[in-house]
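The following questions and answers concern a predicted model. Please consult the sequence and the structure while reading.

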Amino acid sequence: MVIEAIAETMDLYGVTPAAGRIYATMYFEDHMNLDEMREELGMSKPSMSTNVRKLQQIDFVKKRFQRGTRKHTYTAEKDFFQTFMAYFCSMWEREVKMNMDAVKKAEPILIEIVNDETVSNDIREEAKKHVALLEKSKLYYHWLEELVESVRTGEIYNFLPKPEETK
C-alpha cells in the first residue's frame, strides 16, 4: 500500500509512476541492482535503467559500490527531509534563474519603450505597468532565494522544526 502511494505521488517530483514504484520499492530495501529491480517489478531492463538514471538525477537514488560484483547496485535516499530539500531547492533555484534571466533581458527593453517619446502614450503606459509587474516579481524571486538558503543551511528548522523521532 505504501509503495503504491509513494509511486502515485512521485509525479510531484517530475517522475513517472514507474520510477516512483522503483524508488518506493528500493526505499524498503538496503540496496538493489537492475536485475533484482527488474525481477521485483517486472519491468524491462532498459526501462529500469532509464528510470533509475532519472532518480539519480534528482538525488532520490545513489549508485553504490559493492565489493565482489561488477553489477551496479543502487540505494534509495531514506531521509524524506533530505529528498525534499534537495529536490525542491533545485527546482526553486531553476525557477529563480530562468525567470530572473528573462526579467533582466526584458526590463531594459521595457524601460527603453517607457522613455521613448516617439511611442504612443498607451504603449508607454502599458510598458510602465509591465515594469512595475517585473519589480513585483523580483521581490518574490529574491524571497525564494532566501527560502532556498534557509532550507539548505537548515535555518528553516528554527521556524519549523523537524519532529523528533520516537524510539
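Q: In what order do the three strands of the open sheet stand?
A: The model is predicted, and its three strands pair in an antiparallel manner. Strand S1 (32-33) and strand S2 (61-64) each have a single partner strand, so they stand at the edges and one side of each lacks a neighbour in the sheet. The order is therefore S1-S3-S2.

Q: Which residue in S3 stands opposite Lys-63?
A: S2 and strand S3 (residues 73-76) run antiparallel and are joined by four bridges. Within S3, the residue opposite Lys-63 is Tyr-74.

Q: Which helix packs on the sheet, touching S2 and S3?
A: The direction of this helix makes about 105 degrees with that of S2. The helix comprises residues 45-57 and is named H4.

Q: Which helix gives the most residues to the largest nonpolar core?
A: This core has 23 residues, and Met-10, Ile-22, Tyr-23, Met-26, Met-37, Leu-55 and Phe-60 touch the most other members. Helix H2 (17-27), helix H3 (34-41), H4 and S3 each supply at least two residues. With six residues, the helix that gives the most is H2.

Q: How far from Arg-124 is the nearest side chain of opposite charge?
A: Arg-124 lies in helix H6 (residues 121-153) and is buried. Its contacts include Ile-113, Val-114 and Glu-117. A salt bridge requires a distance within 4 Å, and Arg-124 has none. The nearest side chain of opposite charge belongs to Glu-117, at 5.1 Å.

How values were computed
Residues are numbered from 1 along each chain as its sequence is written. This is a predicted model: local features need pLDDT of at least 70, side-chain atom pairs count only at pLDDT 80 or more; totals for chains, interfaces and linings use all residues. Side-chain values use heavy atoms; hydrogens and water are left out. Two strands pair if DSSP finds at least two bridges between them. Contact means heavy atoms within 4.5 Å. Axes are lines fitted to C-alpha atoms, for helices over the stretch in contact, and angles run from 0 to 180 degrees between N-to-C directions. Buried means under 20% relative accessible area, exposed over 50%, partly exposed in between (1.4 Å probe, protein chains only). Lys and Arg count as positive and Asp and Glu as negative; His and the chain ends are not counted. A nonpolar core is a set of buried Ala, Val, Leu, Ile, Met, Phe, Trp, Tyr and Cys residues joined through side-chain atoms within 4.5 Å. Lists of a residue's contacts leave out its neighbours within four places in sequence.
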